[in-house]
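Biologist: I am new to this structure. Could you walk me through it?

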Amino acid sequence: RYLSTHAPLVFSENISFTSGYEALKLLRVEIEEIQALVELDDVLSYVYENSLYAITVENINCAILKLLKEAGDAVEPELDPRKSNYTAISAAQDKTIKVYIYDNIDTYLEDVGLAIESNTEESKDSILEILNHPEADPDLATQFALKQSYIFENFNDIPDYIWSDLLFSAKMVINWANILTYFLYENSDHDRLNEMLGRDEVVDKLIDTEIPMSSQSGDDDSRALSLFIIQNTDIDISNYTKLIACSPYIYKNFPSGNPQDRNLSLARLGKVSFNEESFASTASSSELRAALVQRHISKYLPQAEKYPLDIAVKLILLKSLTDRTEKASIFRMIKLDELQGGENIVPQVSRYLATRSLDIENHNRDLVAYCLANCSLSELIIEILYNFIDLLSDQEITSALRASPEPYCHFIKANTRQKLDRTDRNVDFARKLDRRNIVSSISEENDTIRVNAYRKGALKILFGE
């Protein structure tokens with residue numbers, strides 16, 4: 001112990017030893033501060049070559065920066081031992097230090113590798129060597145790996161005791177291949193995997209990529225991961241929707257017991273096929289049935305009679321479908337008695353009928369007339385009238401005008417003259433009213449159309465009180 005702390009004092013007396021400095025080795029001396037021996041070259045060289053010094057930050061750095069450099073084995077300039085200590089040692093041709101710390105790996109990790117706060121730039125090979133060291137304490141090796149800035153591309157050559165820590169500490173590239181590898185790992189933590197898959201930053205790295213098929217066991221492994229995600233109820237619905245879009249599989253039916261919001265996402269993304277089984281499983285939810293039909297609308301329409309829809313589903317589809325031909329097909333399925341079934345139905349159908357540039361062919365005249373007569377929204381009434389004026393009787397037109405907003409409601413009031421902007425649509429509408437004698441006359445001026453109502457006596461003759 002005395003020699004460990006007072007070696008410079010002892011050897012500075014020029015005492016001659018019969019066996020040289022072998023006594024240091026026999027006594028297993030560990031010099032506490034080799035920097036103190038810099039004036040005693042022979043002693044310092046012997047201590048260094050025989051690893052007779054304590055493994056501390058100061059001693060290791062002194063050995064790296066002074067002794068290796070003096071031996072002509074300079075450390076590569078880009079390898080700063082303060083940032084990549086083990087890598088710098090490993091890169092030296094002289095392996096004296098490397099052998100010493102390798103044989104005392106836990107001491108090195110605890111007192112040097114982890115003790116240097118800035119030691120975060122170790123190389124991939126150095127980290128792998130520590131992780132796979134047969135004598136290294138797994139906890140210390142794990143701390144060492146997680147301390148580094150390096151992010152592994154995959155799990156190759158990495159011992160499985162640290163897989164979870166690397167993946168969940170963002171020290172592993174986030175992609176479906178790595179997630180699948182971890183998912184299949186015998187001791188994988190699915191609860192932590194759930195938590196990770198719920199993070200926005202993780203989901204953002206996975207979207208627009210597809211879950212791969214496993215190269216080991218084939219399709220079953222990939223299917224298992226997809227099902228694990230599809231049946232997940234912990235991830236918020238926004239991230240859940242993004243993740244299931246990455247599944248390459250389409251299922252015959254919705255998973256048993258799956259929540260409604262999950263099933264809606266599956267239906268909207270087309271992850272459930274359209275068939276008798278899946279259609280039947282949507283019986284309790286109009287929204288889910290509509291989502292399933294909409295996603296497979298081209299398959300549904302040719303066999304619509306086999307899969308009847310109630311009015312609630314038809315109304316959802318009428319609102320959510322974007323293709324005009326498909327919308328018209330759904331409208332044709334609506335029956336008059338369904339329109340009469342509730343107060344909120346007419347406004348919804350009327351909103352569809354009021355769509356501008358609607359193709360009026362094959363629209364049921366009776367449904368149109370019923371909506372005109374029973375819709376309470378005047379702004380919809382006039383739009384419907386614009387679209388379907390050719391299908392309606394004079395009486396139906398005048399009744400609709402009477403319920404329309406200004407200036408249209410004045411078209412059938414005696415002795416009035418109203419103006420419309422001169423657009424192609426307005427010109428066509430006004431001319432049709434004129435041809436059918438609903439109005440007395442029209443005159444087309446520069447930027448306006450003047451619509452002239454009948455005089456009071458004529459109105460009474462034409463339309464009654």
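What follows is a set of short questions and answers on this predicted model.

Biologist: How many helices and strands does the protein have?

Modeller: The model is predicted, so every value here is computed from it. Of the 465 residues, 46% count as buried. The secondary structure comes to 28 helices and three strands.

Biologist: Among contacts between residues at least 6 apart in sequence, what share joins residues at least 24 apart?

Modeller: The count takes in contacts in the protein between residues at least 6 apart in sequence. The share that joins residues at least 24 apart is 58%.

Biologist: In what order do the strands of the open sheet lie?

Modeller: E1 (417–421) and E2 (441–444) are the edge strands, and each pairs on one side only. Five bridges join E1 to E3, and four bridges join E2 to E3. The pairing is antiparallel, and the order is E1-E3-E2.

Biologist: By how much are neighbouring strands of this sheet turned against each other on average?

Modeller: The sheet is open and has three strands. With direction ignored, the average turn between neighbouring strands is 20°.

Biologist: Which residue of E3 is the bridge partner of Glu444?

Modeller: A hairpin of three residues joins E2 to E3. Ser443 stands opposite Arg450 in E3. Leu420 has Ile449 as its bridge partner in E3. For Glu444, the bridge partner in E3 is Ile449.

Biologist: Which side chains of E1 are buried?

Modeller: The side chains alternate along E1. Arg417, Lys419 and Asp421 point to one face and are not buried. Pointing to the other face, and buried, are Gln418 and Leu420.

Biologist: At about what angle does H27 run to E2?

Modeller: H27 covers residues 424–435. This helix lies across E1, E2 and E3. Its angle to E2 is about 150°.

Biologist: Why do the buried residues of H26 line one face of the helix?

Modeller: H26 spans residues 394–402, and its buried residues are Ile397, Thr398, Ala400 and Leu401. Seen down the axis, they line one face because they fall within a limited arc, and that arc is 160°.

Biologist: Which exposed residues does H26 carry on the face turned away from its buried side?

Modeller: Exposed here means over 50% relative accessible area. On the face of H26 turned away from the buried side, the exposed residues are Gln395 and Arg402.

Biologist: How far apart are the axes of H20 and H23?

Modeller: Two packed helices are described by an angle and a distance between their axes. H20 (residues 311–320) and H23 (residues 345–353) pack at about 30°, and their crossing is left-handed. Ile311, Leu315 and Leu318 of H20 meet Ile345, Gln348, Val349 and Tyr352 of H23. The axes are apart by 10 Å.

Biologist: How do the residues in the contact of H23 with H24 divide by class?

Modeller: The axes of H23 and H24 (residues 365–374) come within 10 Å and cross at roughly 115°. The crossing is left-handed. H23 brings Val346, Val349, Ser350 and Leu353, while H24 brings Val368, Tyr370, Cys371 and Asn374. By class that gives six nonpolar, two polar and no charged residues.

Biologist: Which helices do the buried residues of H18 pack against?

Modeller: H18 runs over residues 286–295. Its buried residues are Leu288, Arg289, Ala290, Ala291, Leu292 and Val293. They pack against H16, H17, H19 and H20.

Biologist: Is Arg262 buried or exposed?

Modeller: Arg262 sits in helix H16. Among the residues touching Arg262 are Asp234, Asp236 and Tyr240. The cut-off for buried is under 20% relative accessible area. Arg262 has 4% relative accessibility, so it counts as buried.

Biologist: What distance separates the C-alpha atoms of Arg262 and Tyr240?

Modeller: Arg262 and Tyr240 are 22 residues apart along the chain. Arg262 touches Tyr240. Their C-alpha atoms are separated by 7.7 Å.

Biologist: What relative accessibility does Asn258 have?

Modeller: Asn258 lies in the loop between H15 and H16. Residues touching Asn258 include Ile230, Gln231 and Tyr240. Asn258 counts as buried because its relative accessibility is 12%.

Technical notes. Residues are numbered from 1 along each chain as its sequence is written. This is a predicted model: local features need pLDDT of at least 70, side-chain atom pairs count only at pLDDT 80 or more; totals for chains, interfaces and linings use all residues. Side-chain values use heavy atoms; hydrogens and water are left out. Buried means under 20% relative accessible area, exposed over 50%, partly exposed in between (1.4 Å probe, protein chains only). Helices (H or I, at least four residues) and strands (E, at least two) are DSSP runs, numbered from the N terminus. The arc is that of the directions from the helix axis to the C-beta atoms. Two strands pair if DSSP finds at least two bridges between them. Axes are lines fitted to C-alpha atoms, for helices over the stretch in contact, and angles run from 0 to 180 degrees between N-to-C directions. Contact means heavy atoms within 4.5 Å. A crossing is left-handed if the near helix is turned anticlockwise from the far one by less than a right angle, and right-handed if clockwise. Ala, Val, Leu, Ile, Met, Phe, Trp, Tyr, Cys and Pro count as nonpolar, Asp, Glu, Lys and Arg as charged, and the others, Gly among them, as polar. Lists of a residue's contacts leave out its neighbours within four places in sequence.
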